[in-house]
Amino acid sequence: MIPLSLASCSDWLEVEMEDKIMEPVLFSNYAGYVSAINGVYLSLNEYYIDGQLINILDVMAQYYHVTDDNNHTYRLYQSFNFDDTSIESKNETLWNQAYSLIAHTNTILDHLKEIGDTPLSQSQFNILRGEALAMRAMLHFDVLRRHGAIYVNNPDAESIPYQDDTSREIKPFLTNKVVMEKIINDLSEAASLLKDYDPVITEGVKDTQTEDNGVSSYDMSFRQLRLNYYAVQGLIARAYMWMGDKTNAYRIAKEIIAKANTEDLEVFPWVTSEQITSEGRPDLLFSPEIMFSMYNSLRSKYNSNTFASALSLNTRLTFYGTDKDNSKIALFYDYPNDYRRNQWEMADPPQGAGGDDEEPVGTSLYFTKYSDFTSGAIEATYRYIIPIIRMSEMYLIVAESTNDPNEAYDMLDAIRVHRNCPNLDRDGNLNNDILYEFAREMIGEGQLYFFYKRRQETFIISRTGEHDFNMPLSNYVWPIPESEISKRVQVGNK
């Protein structure tokens, strides 16, 4: 494995000589290529989960009861205090982690330029190169969504560098538009490479191991854990929405919905009520619908450190209120039998209570979306996954990008019927209906903040559940780390 350090992009490029010597060994056979790209997939957990990025983004989206009053661990993030030294440090770390992963992906791509220079079959080459290109694009896209100006307001604003090779040269900052063009190009090439070879198209996600012969027995299975063809197309649709190109976003999302689930093969079927209510191992992630996810064998630890009822109120990420009827839950979920409402439970006894004669302090709710199994001996992939993109987002993209309000509500109701909810009133506020369905679907996944930013929302759902939080547009743009700016000034590359 190539060491996956947390160094900055330029530092990582100062590769130790022994690592360069090991590269030909690593890329001398198919198993080496698979090991290299698996290392990047696994390291997504260090970035999004261990690095707290998903939590930070959801705190900034005002999901949770995080305030200065309760002295919460994440309080500086909910108030967007980017100048605080601890926030500056976290910002720098996340920036460096992203570009480190990009640099490792570029090393893999450097060995996947021409099939004739590899020991790979055409299928192996196309899938590996397609996944690596998609990985590079996805990582850049998430950096851009944090640090770039709101795209539709200023596509020509300077944004971030796009590291698309393994050179030691420090890349210049590019405009929003140029970076998005590079992201779309990488994703489009990835989709083209995967289209004729990805088994997800003809065999589905293949959530099984078919033979016991080491790494190769898994390489074409568990396609939900890889940047498969449909996930790449979904990222393209997400990227077009970011750019305000609703025509292309609509076209691609509609195509995914039509082709991914047919009479002959349901690749990402809707979760069933039996799966959601399974005793001891409920599928509160709605995992069959997930197009791409991280695999995190320590997910139970993540849950225990983030959402568990045993955590104190100044560390737990939870909703405002004391119970399901007297909390944000009552405002957030419009129907009491919504399956997504079941992602919340009451702590027993209430956490944060005072003495015997005192009322409980704050909230006694806890989030169960990532809770571990409590019974059931049979393992299941969904026990360890954390979603990055899911099918319901494609329905939401169609709802937001169509010119036909009835089609929009058809898409929203398609989601709601599989969440045990009644159809929406079609005389309501469509934009708000889309917003709330998106918020309910994506909680715990780090996407709502970007949804708000893309739509330039200045009033969003508050921590208490009211739609009244005043969100200045400046809160949506993370500063470029000072260390990155200083480094460029030193070498005269701005």
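How many residues does the largest nonpolar core have, and which of them have the most contacts inside it? Keep in mind that you're looking at a predicted model. The core has 148 residues. To find the ones with the most contacts inside it, select Leu-44, Tyr-48, Tyr-63, Tyr-64, Phe-319, Met-394 and Tyr-449.

**Stop 1: helix H7**

Now colour residues 122-147. That's helix H7, which gives the most to this core, with 13 residues. The helix is mostly covered, with 24 of its 26 residues buried. If you like a quick sanity check, put a distance between its end C-alpha atoms: they are 38 Å apart, and since 26 residues at 1.5 Å a residue should span 38 Å, the two agree.

**Stop 2: Tyr-64**

Go back to Tyr-64, one of the core residues picked out above. Show whatever it touches, skipping residues up to four places away in sequence. You'll get Asp-58, Val-59, Phe-307, Leu-317, Thr-318, Phe-319, Trp-344, Ile-443, Gly-444 and Arg-463. Phe-319 turns up here and also in the list of core residues with the most contacts.

**Stop 3: another core**

Apart from the core with Tyr-64 lies another one, of five residues. Select Val-271, Leu-284, Phe-286 and Tyr-339, which are among them.

**Stop 4: the largest cavity**

Next, the empty space. There are seven cavities of 30 Å³ or more, and the largest has a volume of about 160 Å³. To centre on that one, pick Arg-238, Glu-393, Phe-438, Phe-451 and Arg-454, the closest to its centre of the 13 residues that line it.

Which helices supply at least two residues each to this lining? Show H10 (229-243), H15 (391-401) and H18 (448-454). H15 has the largest share, four residues. Colour the lining by class and you'll see seven nonpolar, one polar and five charged residues.

**Stop 5: the second largest pocket**

Finish at an open site. The second largest pocket has a volume of about 350 Å³. It is lined by 18 residues, and Ile-49, Asp-50, Asn-296, Tyr-302 and Asn-305 are the closest to its centre. Two helices give two or more residues to the lining: H3 (30-50) and H13 (299-306). H3 gives the most, with five. Colour this lining by class too: six residues are nonpolar, nine polar and three charged.

Terms used. Residues numbered from 1 in each chain as written. Predicted model: local features only at pLDDT ≥ 70, side-chain atom pairs only at ≥ 80, totals over all residues. Heavy atoms only, no water. Core = buried A, V, L, I, M, F, W, Y, C linked by side-chain atoms within 4.5 Å. Buried < 20%, exposed > 50% of the residue type's maximum accessible area, 1.4 Å probe, protein only. Contact = heavy atoms within 4.5 Å. 1 Å grid on protein atoms, 1.4 Å probe; cavity = no way out; pocket = protein on both sides within 12 Å on 5 of 7 lines; lining within 4 Å. Points joined across faces, edges and corners; volume = space filled by probe spheres on them. Nonpolar A, V, L, I, M, F, W, Y, C, P; charged D, E, K, R; others polar. Expected span 1.5 Å × (residues − 1).
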